[in-house]
Amino acid sequence: MSTLMVSHRHNARRGIRALASILAAGIVAASCSSDGEVEAAADEPTTTSAGDAAEATDTTDTRTDAAGAASYQIDIWADNWMAVYINGELIGEDSISITTERSFNKESFVFEAAAPFTIAIEAKDFKETDSGIEYIGDGNQQMGDGGLIAQVSNTETGEVVAVTGASWQTLVVHRAPLNTDCEKDSDPDTACEFEIAETPAGWTSADFDDSAWSGATEWSANDVGPKDGYDEISWDANAQLVWGTDLEVDNTVLLRFTVTG
Ligand SMILES: [Ca+2]
Ligand SMILES: [Ca+2]
């Protein structure tokens, strides 16, 4: 279906391995870059809903052009990092860099929107390199794991209008390591295989078609081990920790949900 990009900017041995991985999976593009660059390069929200074309302001937290707009707050906790978009507009991102060790924290962002509106979240588990491994060379060298929970409430009425769960659509765009037995290898950048899919253009916009994506996988608190900041939020009873199908191998996960009103 979608066109996928393949680039090999690393050595031939890695390239061959990555190509073999692509042929096996048939779905992915691979590249070797430092953390986050792939997503950032393809991440411009290129389409917006009707009526936005004339909006030339650079405000980042309001959408006052739509009739019936209300004020909402999204509470979110992620292992390790996230950015939140409403109808394609970035309204907030994790205040602690993903490269900060044990960067666990909650965030709360306030925004204005008129239902229906689409929430899009880019979530990243920390990985030191595209190998998917962290603490490389240290005694605790390992595959890190991810996890995220969020809820959206109307700031005036307190009504919770969205919580994370299986009804959110997800696309995993960075998976590593595919061969998890490389976890303790002395050279994980050589030994570990990875898959990096192209981040779809316009994926944060309201009219993006995510019907081919998968429902989020719900995980228990025991699975994720949510920590610093998690207990600072009074989570709605229906809010679930979510991620891809693998807490360790799935490193960058895109999530979408539309609040219908
Ligand atoms: Ca992590
Ligand atoms: Ca990981």
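This note goes through the predicted model point by point, from its overall make-up to a few backbone details.

1. Overall make-up. The protein chain contains 4 helices and 15 strands. Of its 261 residues, 38% count as buried. Among contacts between residues at least 6 apart in sequence, 74% join residues at least 24 apart.

2. Confidence. The average pLDDT of the protein chain is 82, and 74% of the residues score at least 70. Residues 1–65 have a pLDDT below 50, although this stretch still has 87 contacts in the model beyond near neighbours in sequence. Where pLDDT is low, the predicted coordinates should not be read in detail. The contacts of residues 1–65, a stretch with pLDDT below 50, are therefore not discussed one by one here.

3. The nonpolar core. Which residues have the most contacts inside the largest nonpolar core? They are I76, M82, V84, I119, I121, L148 and L255, in a core of 52 residues. Two or more residues of this core come from each of strand 1 (70–79), strand 2, strand 4, strand 5, strand 8 (147–154), strand 9 (160–163), strand 14 (241–243) and strand 15 (250–259).

4. M82 within that core. Leaving out residues up to four places away in sequence, M82 touches I76, I121 and L148, which are also listed with the most contacts inside the core. The other residues that M82 touches are E93, D94, E122 and A123.

5. Strand 8 and its partners. In strand 8, 6 of the 8 residues are buried, so the strand is mostly covered. Strand 8 pairs with strand 1 in the antiparallel sense over 8 bridges, and I149 of strand 8 stands opposite W77. Strand 8 also pairs with strand 9, again antiparallel, over 3 bridges. In that pairing V152 has A162 of strand 9 as its bridge partner. The hairpin of strand 8 and strand 9 has 5 residues between the strands, and G158 in this hairpin takes a positive phi near 80°.

6. Strand 15 and its partners. Strand 15 is likewise mostly covered, with 8 of its 10 residues buried. Strand 5 pairs with strand 15 in the antiparallel sense over 8 bridges, and here I121 stands opposite L255. Both I121 and L255 are among the residues with the most contacts inside the core. Strand 10 also pairs with strand 15, antiparallel and over 6 bridges. In that pairing V253 of strand 15 is the bridge partner of V172.

7. Cis peptide bonds. Most residues other than glycine have a negative phi, and most peptide bonds are trans. Where does the model have a cis peptide bond before P116 and P177? One joins A115 and P116, with omega about 0°. P116 is found in the loop between strand 4 (105–113) and strand 5 (117–124). Another joins A176 and P177, with omega about -5°. P177 is placed in the loop between strand 10 (169–175) and helix 3 (188–191).

8. The surroundings of P177. Is P177 buried or exposed? P177 counts as buried because 24 C-beta neighbours lie inside 10 Å, and the cut-off for buried is 20 or more. Its contacts, leaving aside neighbours within four places in sequence, are S131, G132, I133, M143, C182, E183, C192, E193, F194 and V249. P177 and I133 are 44 residues apart in sequence, yet their C-alpha atoms are 7.3 Å apart in space.

9. Positive phi at N87 and Y135. N87 is not a glycine but has a positive phi of about 50°. N87 lies in the loop between strand 2 (81–86) and strand 3 (89–93). Y135, also a residue other than glycine, has a positive phi near 55°. Y135 lies in the loop between strand 6 (133–134) and strand 7 (142–143).

10. Burial of these two residues. Which of the words buried and partly exposed applies to N87, and which to Y135? N87 is buried, because 24 other C-beta atoms lie within 10 Å. Y135 counts as partly exposed, because 13 C-beta neighbours lie inside 10 Å. The count for Y135 is 13, and a residue is exposed at 12 or fewer and buried at 20 or more, so Y135 falls in between.

Methods. Residues are numbered from 1 along each chain as its sequence is written. Chains are lettered from A and ligands numbered from 1 in the order in which they are written. This is a predicted model: local features need pLDDT of at least 70, side-chain atom pairs count only at pLDDT 80 or more; totals for chains, interfaces and linings use all residues. Two residues are in contact if their C-beta atoms, placed from the backbone, lie within 7 Å. A nonpolar core is a set of buried Ala, Val, Leu, Ile, Met, Phe, Trp, Tyr and Cys residues joined through C-beta atoms within 7 Å. pLDDT is the predictor's confidence in each residue, from 0 to 100. Two strands pair if DSSP finds at least two bridges between them.
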